[in-house]
Amino acid sequence: MSFVRKYIEEAGSNSRLYETDGYVQHGGTTCLLHTMAVAYYSVRLSRLLGLKVNRRELIRGALLHDYFLYDWHDGKKERRIHGFTHPQTALENAMEDFELTEREQNIIKRHMFPLTPVPPKYKESIIVCLVDKYCSLYETFKRQNTYARLRRSLYRER
């Protein structure tokens, strides 16, 4: 977890990243905890598969892939298509707060494939796309005490 924590602290220091802890993503999991989990498990998966990846870009892209900064459960009419539109919103918000590489932009913009039709371009983008699907299912069906270890780590450090 320490390899992810470094980037959370870096990204959170001059941005709205910690604001995402106030928005529920799936079940009882906040957007911040969700993106932390996606970052952590993306690194784990890349190691398990023996893939050479740019770890910094992988983690930063994963942490920012849901940087849409609103409650998508608020019942507003435009939120009905959240799954299709939030990658672009997240990218626009992230670009306001960060200098992003092309790879990081691709991770954010393409993480909802195949719901959004253009596929990811980089290994890192594919990994985040896959891990995001897994984490989303886990959070939706587990609903309570998701990522207990990650949660403790997050709140202990802040």
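A residue is called buried here when its relative accessible area is under 20%, and in this predicted model that description applies to Tyr67 and likewise to Phe98. These two residues make a convenient point of entry, since Tyr67 returns in several of the features described below.

The structure holds five aromatic pairs. One of them joins Tyr67 and Phe98, whose ring centres are 5.9 Å apart and whose planes meet at 65°, so the pair is classed as edge-to-face, the angle being over the 60 degrees that this class requires. The two partners come from distant parts of the chain, 31 residues apart: Tyr67 belongs to the loop between helix 3 (55-64) and helix 4 (82-97), whereas Phe98 belongs to the loop between helix 4 and helix 5 (102-110). A second pair, formed by Tyr138 and Tyr147, is tilted, with 5.1 Å from centre to centre and 50° between the planes. The members of this second pair can also be described by their accessibility: Tyr138, at 26%, counts as partly exposed, while Tyr147, at 6%, is buried. Tyr138 and Tyr147 also belong, together with Tyr40 and Tyr41, to one aromatic cluster. A ring takes part in another kind of arrangement at Tyr122, where the charged end of Arg103 sits over the ring, 4.7 Å from its centre.

From the aromatic rings the path leads on to the nonpolar interior. The largest nonpolar core has 34 residues, and those touching the most other members are Ile59, Leu64 and Tyr67. Two or more residues are given to this core by each of helix 1 (2-13), helix 2 (31-48), helix 3, helix 4, helix 5 and helix 6 (123-142), and the largest share, eight residues, comes from helix 2. When its neighbours within four places in sequence are left aside, Tyr67 is in contact with Ser15, Arg16, Leu17, Thr20, Thr89, Ala90, Asn93, Ala94, Asp97 and Phe98.

Helix 3 deserves a closer look in this setting. Eight of its 10 residues are buried, and the helix is accordingly described as mostly covered; the buried residues are Glu57, Leu58, Ile59, Arg60, Gly61, Ala62, Leu63 and Leu64. The elements that cover them include helix 1, helix 2, helix 4, helix 5 and helix 6.

One residue that ties these regions together in the description is Ala94, which has its place in helix 4. Ala94 has a relative accessible area of 0% and is therefore buried. Not counting residues up to four places away in sequence, Ala94 touches Leu64, Tyr67, Leu100 and Ile108. Ala94 and Gly61 are 33 residues apart in sequence, and their C-alpha atoms are 9.6 Å apart in space.

The loops hold several further details of backbone and environment. In the loop between helix 3 and helix 4 lies Leu69, which has a positive phi of about 60° although it is not a glycine; at 13% relative accessibility, Leu69 counts as buried. Tyr147, already met in the tilted pair with Tyr138, has a positive phi of about 50° and is not a glycine either, and its place is in the loop between helix 6 and helix 7 (148-157). In the loop between helix 5 and helix 6 one finds Pro114, and the peptide bond leading from Phe113 to Pro114 is cis, with omega near 10°. Thr116 also lies in the loop between helix 5 and helix 6; with a relative accessible area of 10%, Thr116 is buried, and beyond its neighbours within four places in sequence it is in contact with Gly83, Phe84, Pro87 and Lys109.

There remains the largest pocket, which has a volume of about 300 Å³. This pocket is lined by 17 residues, and those that lie nearest its centre are His26, Trp72, Met112, Asp132 and Ser136. At least two residues of the lining are supplied by each of strand 1 (24-26), helix 4 and helix 6, and helix 6 provides the largest share, namely five residues.

Methods:
Residues are numbered from 1 along each chain as its sequence is written. This is a predicted model: local features need pLDDT of at least 70, side-chain atom pairs count only at pLDDT 80 or more; totals for chains, interfaces and linings use all residues. Side-chain values use heavy atoms; hydrogens and water are left out. Rings of Phe, Tyr and Trp (its six-membered ring) pair if their centres lie within 6.5 Å; planes under 30 degrees apart count as stacked, over 60 as edge-to-face and the rest as tilted. Helices (H or I, at least four residues) and strands (E, at least two) are DSSP runs, numbered from the N terminus. Buried means under 20% relative accessible area, exposed over 50%, partly exposed in between (1.4 Å probe, protein chains only). A charge sits over a ring if NZ of Lys or CZ of Arg is within 6 Å of the ring centre and within 35 degrees of the ring normal. A nonpolar core is a set of buried Ala, Val, Leu, Ile, Met, Phe, Trp, Tyr and Cys residues joined through side-chain atoms within 4.5 Å. Contact means heavy atoms within 4.5 Å. On a 1 Å grid over the protein atoms alone, a cavity is a set of points where a 1.4 Å probe fits but cannot get out, and a pocket is an open set with protein on both sides within 12 Å along at least five of seven lines; lining residues have an atom within 4 Å of a point. Grid points are joined across faces, edges and corners, and a volume is the space filled by probe spheres set on the points.
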